[in-house]
Amino acid sequence: MNQLTTTSVHTAVHTAVIGGGLAGLTAAATLARAGKSVLLLEKARHIGGRALSQQRGDFTLNLGPHALYIGGGASDILAELGVAWTGHKPNLRGSAVYQGRLVPMPGTPQDLLATNWLTLAEKAAMVRLLWRISHTPPESVAGISLADWVNGQTRSAALRRFLHLLARTSTYANAPELSSAAIFLRQFQLAYRHNVRYLDGGWQTLVDGLRAAAEMAGVTLHTGARVISVHEHPGHATIFLADGQTIQATAVILAVDPQTASQLLPEHEQLKQWAATAVPVRAACLDVVLRYVPHPDRRYVLGLDQPLYFSNHSAVAHFGPDGGSVIHVAKYLPPGASDAAQDEAELEAMLDLVQPGWRAELIERRFLPHMTVVNDLARAENGGLHGRPGYALPHSQRLYLAGDWVGPQGWLADAALLSGKQAAELAQEQRLEIGAISNLHPV
Ligand SMILES: Cc1cc2nc3c(=O)[nH]c(=O)nc-3n(C[C@H](O)[C@H](O)[C@H](O)COP(=O)(O)OP(=O)(O)OC[C@H]3O[C@@H](n4cnc5c(N)ncnc54)[C@H](O)[C@@H]3O)c2cc1C
């Protein structure tokens with residue numbers, strides 16, 4: 001033990017990162033590359049958080065549908081950290097579901113002409129609208145709710161339904177009265193310019209790549225390490241683990257959800273408020289692997305009058321041996337309580353409509369009733385992304401926040417990686433005041 005630690009302190013580091021999701025891994029790798037000693041603490045047995053993929057038989061399944069946006073922050077940070085991935089653009093030509101039937105989706109100019117649920121005038125208006133969506137600076141509509149913004153664009157009920165379909169698909173949010181219109185414009189513009197990528201091997205590739213970057217830079221990873229509280233003192237912070245270990249650090253990055261962050265620092269009023277007022281963006285997900293896809297041409301189907309999504313991800317990327325298909329079906333949940341049995345029935349009905357006969361071809365099936373896609377919705381009343389907590393925890397000298405609910409930049413995984421990087425750059429400025437680090441426990 002060095003002289004500044006107490007007898008109960010087992011480990012001392014420059015920065016402790018709590019949480020091993022994309023945000024925590026990015027923060028840890030960034031700090032270690034800047035020469036800091038870093039300990040990453042993850043309560044689960046595996047790192048990766050919501051980005052990890054699970055192995056089901058021969059197939060790799062993401063936790064619900066995951067698509068990497070290009071140019072929104074995450075892809076650049078992955079490149080900076082040397083994380084390699086391969087991915088493919090989905091073909092966004094598809095169908096929509098309206099009144100229980102499959103109808104054409106106007107994904108391309110040809111499809112727009114073929115669309116039978118829009119009048120000629122609505123088709124012309126749609127072209128003007130798509131131009132406006134792709135050219136309006138998102139910040140200019142940050143304080144406007146998606147519902148108000150959509151209503152201000154068109155009086156056509158059919159076009160409004162289509163704009164809400166696009167907004168749900170690109171943001172995962174199903175709360176138009178609350179949601180800032182800016183996140184829709186941001187995500188739409190990214191997808192319009194660069195499309196998205198479905199990743200070969202799933203998002204586990206990103207988790208493994210970030211882990212390798214972190215370990216190569218010297219990060220010590222400790223899984224099965226649940227943090228139960230954090231105490232800040234002049235010059236350092238002490239972290240208490242459920243197994244009785246304590247850790248002393250010059251800086252701490254809390255890369256966890258707002259409720260956990262508040263539990264770790266129960267006296268922090270601002271954190272308490274953020275945790276209490278957060279509106280999680282959630283989805284119910286039905287992930288299936290089929291031996292044979294009854295309608296291989298039906299790859300991408302979205303609900304016009306229901307908040308539903310269907311995509312055959314293995315029509316584009318590799319998740320297992322040839323011959324099997326990984327399909328994600330999801331329901332964008334509105335805020336508040338949801339009925340899991342009802343949601344599951346709706347997802348199965350979507351599969352029945354798009355791929356009748358799928359049950360006979362089932363190899364694997366997983367229903368995830370309440371996945372948190374983003375920990376807090378960027379709301380119009382808060383000014384959109386600018387209303388989210390900053391990277392440095394207020395009234396603290398050495399505590400920082402990272403995660404998909406933190407910072408004025410990015411949505412979905414972009415926010416997780418951008419905040420991880422920003423929190424690390426701030427933590428890096430802290431001078432190590434707790435002496436030489438010589439007694440890291442093997443983990
Ligand atoms: C169904 C679904 C679909 C999605 N689709 C997309 C998409 O298409 N595109 C996109 O960009 N993003 C998508 N996302 C979002 C993306 O997955 C997340 O934004 C990102 O993974 C969040 O990373 P994070 O590090 O902020 O949080 P998390 O992954 O939640 O990481 C937090 C970590 O902290 C750990 N932890 C919590 N408490 C403690 C404690 N007390 N002690 C130690 N560790 C603790 C947790 O175990 C967890 O590993 C999707 C998410 C879901 C669920």
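Visitor: In what order do the strands of the open sheet of 7 run?

Guide: This is a predicted model, so treat what follows as a reading of a prediction. The pairing in this open sheet of 7 strands is mixed. From one end to the other, the order is β8-β7-β15-β16-β17-β14-β18.

Visitor: And which are the edge strands?

Guide: Look for strands that pair on one side only. That picks out β8 (101-104) and β18.

Visitor: By how much are neighbouring strands of this sheet turned against each other on average?

Guide: Direction is ignored here, so parallel and antiparallel neighbours are treated alike. The average turn is 20°.

Visitor: Let's go inside the sheet. What stands opposite L302 in β16?

Guide: Strand β15 (residues 300-303) and strand β16 (residues 308-312) pair in the antiparallel sense, over 3 bridges. A hairpin of 4 residues joins β15 to β16. Y300 in this pairing stands opposite S311, and the residue opposite L302 is Y309.

Visitor: On the other side, which residue of β17 does L308 face?

Guide: β16 and β17 run antiparallel, and 5 bridges join them. Opposite L308 stands K331.

Visitor: How many residues of β16 are buried?

Guide: Take the two faces in turn: L308, F310 and N312 are buried on one side, and Y309 and S311 are buried on the other. The strand is therefore largely enclosed by the rest of the structure. The count is 5 of the 5.

Visitor: Which helix lies across β15, β16 and β17?

Guide: The helix in question also lies across β7 (95-98), and β17 spans 325-333. Its direction is at about 120° to β15. The helix is α6 (residues 157-171).

Visitor: Is V326 in β17 buried or exposed?

Guide: Its place is in strand β17. There are 27 other C-beta atoms within 10 Å of V326, and 20 or more is enough to count. So V326 is buried.

Visitor: What does V326 touch?

Guide: Residues up to four places away in sequence are left out of this list. The contacts are F59, L61, V289, H313, S314, F319 and G320.

Visitor: How far is the C-alpha atom of V326 from that of R365?

Guide: The two residues are 39 residues apart along the chain. Their C-alpha atoms are separated by 9.8 Å.

Visitor: F59 and L61 came up as contacts of V326. Which residues on the other side of β4 are buried?

Guide: Strand β4 (residues 59-62) is covered on both faces. F59 and L61 are buried on one side. The buried residues on the other are T60 and N62.

Visitor: What is the bridge partner of S53 in β4?

Guide: Strand β3 (residues 53-56) runs antiparallel to β4, and 4 bridges join the two. They form a hairpin with 2 residues between them, and G57 in the turn has a positive phi of about 60°. The partner of S53 is N62.

Visitor: There's also an open sheet of 3 strands. Which of its strands stand at the edges?

Guide: The order is β5-β9-β6, with antiparallel pairing. Each edge strand has a single partner, so one side of each is left without a neighbour in the sheet. Those strands are β5 (68-69) and β6 (87-88).

Visitor: Which residue of β9 stands opposite Y69?

Guide: β5 and strand β9 (residues 196-199) pair in the antiparallel sense over 2 bridges. Opposite Y69 stands V196.

Visitor: On to the ligand: which element gives the most to the shell around the ligand?

Guide: 36 residues surround the ligand, and the closest are G19, G21, G49, G64 and A413. Elements that give two or more residues are α1 (22-33), β2 (38-42), β14 (281-290), β18 (362-374) and α12 (413-427). By class, the shell has 21 nonpolar, 10 polar and 5 charged residues. With 4 residues, the top contributor is β18.

Visitor: Last one: how many residues of domain 1 are in contact with domain 2?

Guide: The domain assignment gives domain 1 (11-50 + 205-278 + 382-427) and domain 2 (105-196). Their centres, taken over C-alpha atoms, are separated by 35 Å. The side of domain 1 that touches domain 2 has 2 nonpolar, 3 polar and no charged residues. Facing 8 residues of domain 2, the number from domain 1 is 5.

Terms used. Residues numbered from 1 in each chain as written. Predicted model: local features only at pLDDT ≥ 70, side-chain atom pairs only at ≥ 80, totals over all residues. Near = placed C-beta within 6 Å. Nonpolar A, V, L, I, M, F, W, Y, C, P; charged D, E, K, R; others polar. Pairing = 2+ DSSP bridges. Axes fitted to C-alpha atoms, helices over the stretch in contact; angles between N-to-C directions. Contact = placed C-beta atoms within 7 Å. Buried ≥ 20, exposed ≤ 12 C-beta atoms within 10 Å, placed from the backbone. Domains from an automatic or database assignment.
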